Amino acid sequence: MATPAGNHPLPSYLDPNHLGPWGVYLQQVDRVTPYLGSLARWVETLKRPKRALIVDVPIEMDNGTIAHFEGYRVQHNLSRGPGKGGVRFHQDVTLSEVMALSAWMSIKNAAVNVPYGGAKGGIRVDPKKLTRSELERLTRRYTSEIGIIIGPSNDIPAPDVNTNAQIMAWMMDTYSMNVGATATGVVTGKPVDLGGSLGRVEATGRGVFTVGCEAARLTGMTIAGARVAVQGFGNVGGTAGKLFAEAGAKVVAVQDHTGSIHNAKGLDVPALLAHVQQTGGVGGFAGADVMGNDEFWGVACDIMIPAALESQITQDNAGRIQAKMVIEGANGPTTPEADDILNDKGVLVVPDVIANAGGVTVSYFEWVQDFSSFFWTEDEINARLVRIMKEAFAGVWQVAQENKVSLRTATFIVACKRMLHAREMRGLYP
Ligand code: NAD
């Protein structure tokens, strides 16, 4: 597409030919542009973040030396509401990665129609090398540095890789100290005693289960007796596996960082969850055979749930997947090449941007509860979560049918239209 007059060429880190995560995102936007109708006029707005902040995070280490870390907070799109997205502490974090993650948050939030834009943050650090007090100082200084753009009405961080409820508590406290009032709504994923929400821990897995059941219903698959394979048996995979088993499905294979296990008759999921709790992984679980990590991908099953890391389903293993349906619990578990292989094979892929949106949906509930200082029961939260996930999935399903496109492209169509419609209605300032 020709660059509209007056637009400067994209800087190198926005170059679509440099195919990092941001390049993949730009390709995804290009793929949906033909479906945006008159809103395509505004599509450039999705191809650059609204705001990207790079901060220096200096801290004094326990041994008295001074260390500097690079931190980021990117607000990709704020047309529909404040920014929302997690904070990642990892040694490989880059600005380009945070930009892509912030854009995928825009898509996810618009797909489930929660009133947020997309944002993401991170620090380039290996937190496992820090002591607890160093980690606290790092978190607090980072929060202060990004404090100029975050806030309950501006941009609301949450946990992501290597960040947790304790880190959210430190972020909330630091922000509150700086503004002179307790502002619980500045972050979500907090401890329940500090304005966190019931049901948040299980929310993502519950969302995966909900859309999985809807996809099964629409394709004529019965959950009772369906064979499920799960990669990653942590928060997302463990909860999804538990809920599928409770609904009568057979969890026949599970893989995590300790290995892969298999039982064609169905694993005893509560016992497996207890084993993981005790030992840290599925390895060594009695009542299952050990299987090779690569063999796992070819296991006989009806539903495959990747819920561990990105880029797990690749062109090397996608052809061997026997499942009729892949439900992406993890972010970005399927490479674009593998996505094409699965689509060609007729495997239904329920993409991350809708399948794992249960987490941010309950984060939204947490923020609403913090604003109103009125807290809901877990049953209320779960019922509202299920309703939002079902409605969002039905909308995406319909768009996929109407346009004869994959659910991933359909989710992007729904989300991009919502964002660009908001952009158009707001108009350009000045
Ligand atoms: P977690 O840390 O609770 O669990 C991660 C699981 O992945 C563990 O079982 C671990 O053993 C497994 N794993 C790690 N390395 C592996 C490897 N090399 N091979 C196989 N398995 C491996 O994390 P989580 O919160 O369940 O998150 C899992 C995925 O879901 C991530 O991609 C995350 O970004 C995504 N996600 C999480 C949430 C949430 O609310 N927790 C929301 C949206 C998306």
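Reader: Which domains does the protein chain have?
Author: This is a predicted model. The domain assignment gives domain 1 (1-48), domain 2 (49-182) and domain 3 (203-355).

Reader: How many Å separate the centres of domain 1 and domain 3?
Author: The two centres are 33 Å apart, taken over C-alpha atoms.

Reader: On to the ligand. How many residues surround it?
Author: There are 18. The closest are Thr204, Phe233, Asn235, Val236 and His257.

Reader: What does Thr204 do there, atom by atom?
Author: One of its polar side-chain atoms sits 2.6 Å from an oxygen atom of the ligand.

Reader: And Asn235, what lies 2.9 Å from the ligand oxygen?
Author: For Asn235 it is a backbone N or O atom. Gly329 also brings a backbone N or O atom, at 3.5 Å from an oxygen atom of the ligand.

Reader: How much of the ligand does the protein bury?
Author: The protein buries 70%. That is a share of the 830 Å² the ligand exposes when taken alone.

Reader: Which elements give two or more residues to the shell?
Author: Three are listed: α5 (200-219), α6 (235-246) and β7 (250-256).

Reader: How do the shell residues divide into nonpolar, polar and charged?
Author: Six are nonpolar, 10 are polar and two are charged.

Reader: You mentioned β7. Where is Lys250?
Author: Lys250 is in strand β7.

Reader: Why does Lys250 count as partly exposed?
Author: Because its relative accessible area is 30%, and partly exposed covers values between 20% and 50%.

Reader: How far is Lys250 from Ala229?
Author: Their C-alpha atoms are separated by 8.7 Å. Along the chain, Lys250 and Ala229 are 21 residues apart.

Reader: New topic: backbone. Which residues does the cis peptide bond join?
Author: It joins Tyr429 and Pro430, with omega about 0°. Pro430 falls in the segment after α12 (407-426).

Reader: Why mention a cis bond at all?
Author: Because most peptide bonds are trans.

Reader: What about phi of Asn113?
Author: Phi of Asn113 is near 60°, a positive value in a residue other than glycine. Most residues other than glycine have a negative phi.

Reader: Where does Asn113 lie?
Author: Asn113 is in the loop between α2 (95-111) and β4 (118-124). With 46% relative accessibility, Asn113 counts as partly exposed.

Reader: And Asn162, what is its phi?
Author: Phi of Asn162 is near 65°, again positive in a residue other than glycine. Asn162 belongs to the loop between β5 (155-159) and α4 (165-179). Its relative accessible area is 30%, so Asn162 is partly exposed.

Reader: Cysteines next. How many disulfides in the whole structure?
Author: Zero.

Reader: How far is Cys301 from the nearest cysteine sulfur?
Author: The nearest cysteine sulfur, that of Cys213, is 16 Å away, and Cys301 is in no disulfide. A disulfide needs two cysteine sulfur atoms within 2.5 Å, so a pair 16 Å apart does not qualify.

Reader: Is Cys301 buried or exposed?
Author: Buried, because its relative accessible area is 2%, and the cut-off for buried is under 20%. Cys416 also counts as buried, at 0% relative accessibility.

Reader: Where is Gly121, and is it buried or exposed?
Author: Gly121 lies in strand β4. Its relative accessible area is 0%, so Gly121 is buried.

Reader: How many residues along the chain lie between Gly121 and Phe89, and how far apart are they?
Author: Gly121 and Phe89 are 32 residues apart along the chain, with C-alpha atoms separated by 8.7 Å.

Reader: What about Ser79, which loop is it in?
Author: Ser79 is in the loop between β2 (66-77) and β3 (83-90). Ser79 is buried, with a relative accessible area of 9%.

Reader: How far is Ser79 from Tyr116?
Author: In space, 8.2 Å from C-alpha to C-alpha. In sequence, Ser79 and Tyr116 are 37 residues apart.

Reader: Last one. Which helix holds Ala271?
Author: Helix α7 (residues 269-279). Ala271 is partly exposed, with a relative accessible area of 29%. Ala271 and Phe285 are 14 residues apart in sequence, and their C-alpha atoms are 8.8 Å apart in space.

How values were computed:
Residues are numbered from 1 along each chain as its sequence is written. This is a predicted model: local features need pLDDT of at least 70, side-chain atom pairs count only at pLDDT 80 or more; totals for chains, interfaces and linings use all residues. Side-chain values use heavy atoms; hydrogens and water are left out. Domain bounds come from an automatic or database domain assignment. A residue is near a molecule or strand if one of its heavy atoms lies within 4 Å of it. A polar contact is a pair of N or O atoms within 3.5 Å; within protein, one must be able to donate a hydrogen and the other to accept it, and residues adjacent in sequence count only if both atoms are side-chain atoms. Accessible areas come from the Shrake-Rupley method with a 1.4 Å probe; for residues, only the protein chains shown count as cover. Helices (H or I, at least four residues) and strands (E, at least two) are DSSP runs, numbered from the N terminus. Ala, Val, Leu, Ile, Met, Phe, Trp, Tyr, Cys and Pro count as nonpolar, Asp, Glu, Lys and Arg as charged, and the others, Gly among them, as polar. Buried means under 20% relative accessible area, exposed over 50%, partly exposed in between (1.4 Å probe, protein chains only).
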